[in-house]
Amino acid sequence: MTVMETTRTDSCAGSRQQDRRPDGRDRYTISEVAALTGLSAHTLRWYERIGLMPHVDRSHTGQRRYTNRDLDWLDLVGKLRLTGMPVADMVRYAGLVREGEHTYGERFALLKSTREDVLARIAELQGTLAVLDRKISFYAQDGTAGGTP
């Protein structure tokens with residue numbers, strides 16, 4: 001079972017639909033996927049090698065052929081990267097998805113923990129933003145560039 005072959009589709013990842021081909025005619029080369037995702041071909045190959053992007057179909061000549069489902073998966077991986085989730089945890093998550101529905105509890109725990117980390121970072125950034133806002137307000141009211149830092 002590949003990462004994307006699950007009985008229930010997780011549709012939380014939403015890539016740019018306008019750049020996509022219709023299902024059934026959705027065969028993309030690695031260079032097309034690189035252009036669509038902003039990832040390098042080297043990164044896409046690395047994702048495949050470490051098990052984060054397992055089982056990419058190949059043409060009769062051995063050329064990788066990605067599908068819309070692969071693009072959805074890469075979109076989710078990009079979101080997980082933005083959360084700061086370690087690559088090892090992303091690979092673990094991908095493995096859990098491949099293992100099937102009986103891993104829902106583990107996936108839930110992993111994503112919940114990541115969410116808590118993201119919320120903590122958001123709170124930290126909000127505090128930082130408040131400091132910046134106070135400084136900007138000070139300089140805007142002072143009217144001079146030489147105010148107290």
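Accessible areas come from the Shrake-Rupley method with a 1.4 Å probe. By this method, the accessible surface of the chain in this predicted model amounts to about 9,600 Å². Carbon and sulfur atoms account for 55% of that surface. The chain has 149 residues, of which 31% count as buried.

The secondary structure consists of 5 helices and 2 strands. Along the sequence, these elements follow the pattern α-α-β-β-α-α-α. Contacts in the chain were also examined by the separation of the two residues in sequence. Among contacts between residues at least 6 apart in sequence, 56% join residues at least 24 apart.

Aromatic pairs were considered next. A pair of aromatic rings is described by the distance of the centres and the angle of the planes. Rings of Phe, Tyr and Trp were counted as a pair if their centres lie within 6.5 Å, and the count comes to 3 aromatic pairs. One of them is formed by W46 and Y47, with 5.8 Å from centre to centre and 40 degrees between the planes. Planes under 30 degrees apart count as stacked and those over 60 as edge-to-face, so an angle that falls in neither range counts as tilted; the pair of W46 and Y47 is accordingly tilted. The two partners are covered to unlike degrees: W46 has a relative accessibility of 32% and counts as partly exposed, whereas Y47, at 4%, counts as buried.

A further aromatic pair is formed by W73 and Y93. Their ring centres are 6.2 Å apart and their planes differ by 10 degrees, and the pair is stacked. W73 belongs to helix 3 (residues 68-83) and Y93 to helix 4 (residues 87-99), so the pair ties together parts that are 20 residues apart in sequence. Buried means under 20% relative accessible area. W73 therefore counts as buried, at 5% relative accessibility, and Y93 is likewise buried, with a relative accessible area of 5%.

The surface of the chain was examined for nonpolar patches. L129, L132 and I136 make a nonpolar surface patch of about 300 Å². Of these residues, I136 is placed in helix 5, which comprises residues 104-142. A residue is exposed when its relative accessible area is over 50%; I136 therefore counts as exposed, because its relative accessibility is 54%.

Terms used. Residues are numbered from 1 along each chain as its sequence is written. This is a predicted model: local features need pLDDT of at least 70, side-chain atom pairs count only at pLDDT 80 or more; totals for chains, interfaces and linings use all residues. Side-chain values use heavy atoms; hydrogens and water are left out. Patches are made of residues with over 30% relative accessible area and no salt bridge: like charges are joined within 9 Å, nonpolar side chains (Val, Leu, Ile, Met, Phe, Trp, Tyr) within 5 Å. A salt bridge is a side-chain nitrogen of Lys or Arg within 4 Å of a carboxyl oxygen of Asp or Glu. Helices (H or I, at least four residues) and strands (E, at least two) are DSSP runs, numbered from the N terminus. Buried means under 20% relative accessible area, exposed over 50%, partly exposed in between (1.4 Å probe, protein chains only). Rings of Phe, Tyr and Trp (its six-membered ring) pair if their centres lie within 6.5 Å; planes under 30 degrees apart count as stacked, over 60 as edge-to-face and the rest as tilted. Contact means heavy atoms within 4.5 Å.
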